[in-house]
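Me: I have a protein chain to look at and some questions about how it is put together. Can we go through them one at a time?

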Amino acid sequence: MPKESDESSKEEQSKIDKDGTENPVETSEEMIRKRIRRNTPSPHRLTPQSSPPRFVSVEELMETAKGVTNMALAHEIVLNSAFQVKPYEPGEGSLEKQVKEIMHKAFWDCLESQLNDDPPSYSHAITLVGEIKETLLSFLLPGQSRLRGQIEEALDLSLIQQQAENRALDINKVAKFIIDMMGTFCAPCRDEDIKQLREITDIVPLFKSIFAVLDKMKIDMANFAVSSLRPHLLQQSVEYERKKFQDFLEKQPNALDFTQKWLQDTADYVTGGGTEGGATCTPNSAQLALHNHAYLRLLKWDHDAESFPETLLMDQGRFQEMQQELEQLALVASVLLIVYNSAGEAISGLPGLMERLKKTIKILIAEMHTLSFKADETFAAVAEKLCVELRGCLSQHGFSPFSSDRENALKGQIVAAKSEDNPIRKVIDSRIQMYLLGFLESSAHRSAPALPGGLTPISKELEEIAVKLGRLVTFNKLVYSPFYHKILQDILKQGESWVLPSMWMLL
């Protein structure tokens, strides 16, 4: 890529200095630019004064950021086990889509016209065969020389051109070979597509369908490669991300200020929880415990008011997504605990009821993190809907219905659960935090912690989040361990011994 001119660099610098707005979706390079701007002291951002802000030129910044986009892709592949390559499709109704459709139609119409000539012209068809040949060859592994020879021989474009000129070309025979070879390479999930190709008799629709299936096979191959490379990519990504951050730290010495504040604030919070009933820790165990508590604090983060740690910027969206999922799960578990405590034995153990109530609550509060969400109206609807469900269930199983006073009391308890200060919600939330902390602490031993009471209805979703959190924390520690170790060492030196209170005392 050619280097930007000095004029464009100055223009970009001016834009960085003056423009205070950010796009909703930031590239990794934009994240770095944003972090540079954040180092300018402002009334609502407290930057530690040990390392005064230092601005760098755009040239220095872009040199540091070179390759960051690839780093972000590798990071996504390593951390997201569900990551898949997906085909690009232009937006519906977009100019790009319209142009693409017009060009494709013109090409296929031209192919059909050539094949209908007397004698037929095969110039477009041979071009397509050449593209198909290249695609088939790209599917081969280095040692598959026999298959390579078969493809080269059967799809020899010079020979096919000679056959066409001598009116001896059997295009259907060529198409059959292509389909057979596609059947050899394709994943089992494409067998039905291959079967349908064999049933198409018209050449133009056949070639169109061949290209459509080949596109699917390319995606299949790419996703297989991603899956195969993930274990090998892990170590390389750890080393690469650590080096890139070290390069950035050399350019911007105060690039760990918010990380240091995050860990120091966690230490103040943990030790401020009291020491009675706690245990004196060795420096290593204290570092580990403090670090795990710090990650839990990220699941309670005020993203509008607090600066996220620099070492976790690429994962801020992941933490925010988990935070919202956990808030929703805490509400679901709280409401179900209220319902079952109120109804007692009358509904205890009834098959399917728990899942029906859970599904109802999740549907009604699904938009709880949107600006349009109205908590009072929503929780009144939740209370009403659950009471209707309970009324029918009690009647179906021969139990007396709740009195109006008892039902109104239950509705009031359900509506009250919307408050973060609600006692039941606080208990459920503390148990979720305890479970997640136990998961992080036990990850080294490969044994999941026991599920605290009241969390059984959300156990599956909670375990999925815990696994995602564990994977994220483990990878982050691997990448940034040298940086964290130094900061944590300095924090631990502030006291001769550390006594960490139990999780219950902190929540």
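**Salt bridges, helices and surface**

Reply: In this predicted model, the count of salt bridges comes to 21.

Me: How far apart, N to O, are the side chains of aspartate 180 and lysine 176 in their salt bridge?

Reply: Both aspartate 180 and lysine 176 lie in helix H9, four residues apart, which is about one turn of the helix. Aspartate 180 has 28% relative accessibility, so it counts as partly exposed. The N to O distance in the salt bridge between the two side chains is 3.0 Å.

Me: Which side chain meets lysine 486 in a salt bridge?

Reply: Lysine 486 is in helix H19 (residues 459-492), and its partner lies four residues away in that helix, about one turn. Lysine 486 is partly exposed, because its relative accessible area is 47%. The partner is partly exposed too, with a relative accessible area of 35%. At 2.8 Å, N to O, the side chain that meets lysine 486 is that of aspartate 490.

Me: Which residues are joined into one network by salt bridges that share partners?

Reply: One of the salt bridges here is between the side chains of arginine 190 and aspartate 193, at 3.7 Å, N to O. Salt bridges that share partners make one network of Arg190, Asp193, Lys216 and Asp220.

Me: Is aspartate 193 buried or exposed?

Reply: Buried means under 20% relative accessible area. Arginine 190, which shares a salt bridge with aspartate 193, has a relative accessible area of 18% and is therefore buried. Aspartate 193 has 14% relative accessibility, so it counts as buried.

Me: Which helices do the buried residues of H9 pack against?

Reply: Helix H9 covers residues 171-185. The buried residues in H9 are Ile171, Val174, Ala175, Ile178, Ile179, Met181, Met182 and Phe185. They cover an arc of only 165° around the axis, so they are on the same side of H9. These buried residues pack against helices H6 (123-138), H7 (145-154), H10 (191-198) and H11 (203-251).

Me: Which residues are exposed on the other side of H9?

Reply: Exposed means over 50% relative accessible area. On the side of H9 opposite the buried residues, the exposed ones are Lys173 and Lys176.

Me: How far does helix H12 reach from its first C-alpha to its last?

Reply: H12 runs over residues 257-271 and has 15 residues. Its buried residues include Phe258, Trp262, Leu263 and Val270. At 1.5 Å a residue the expected span is 21 Å, and H12 comes close to this with a reach of 21 Å.

Me: What is the area of the nonpolar surface patch made by Leu95, Val99 and Met103?

Reply: Methionine 103 lies in helix H5, which spans residues 95-116. Methionine 103 has 55% relative accessibility and therefore counts as exposed. Together with Leu95 and Val99, Met103 makes a nonpolar surface patch of about 320 Å².

Me: What percentage of the accessible surface of the protein chain belongs to carbon and sulfur atoms?

Reply: Of the 507 residues in the protein chain, 40% count as buried. The accessible surface of the chain comes to about 28300 Å², and the part belonging to carbon and sulfur atoms is 54%.

Me: How many helices and strands are there in the protein chain?

Reply: Among contacts with a separation of 6 or more, 73% come from residues 24 or more positions apart. As for the elements of the protein chain, there are two strands and 20 helices.

Key:
Residues are numbered from 1 along each chain as its sequence is written. This is a predicted model: local features need pLDDT of at least 70, side-chain atom pairs count only at pLDDT 80 or more; totals for chains, interfaces and linings use all residues. Side-chain values use heavy atoms; hydrogens and water are left out. Patches are made of residues with over 30% relative accessible area and no salt bridge: like charges are joined within 9 Å, nonpolar side chains (Val, Leu, Ile, Met, Phe, Trp, Tyr) within 5 Å. Accessible areas come from the Shrake-Rupley method with a 1.4 Å probe; for residues, only the protein chains shown count as cover. A salt bridge is a side-chain nitrogen of Lys or Arg within 4 Å of a carboxyl oxygen of Asp or Glu. Buried means under 20% relative accessible area, exposed over 50%, partly exposed in between (1.4 Å probe, protein chains only). The expected span of a helix is 1.5 Å times one less than its number of residues. The arc is that of the directions from the helix axis to the C-beta atoms. Contact means heavy atoms within 4.5 Å.
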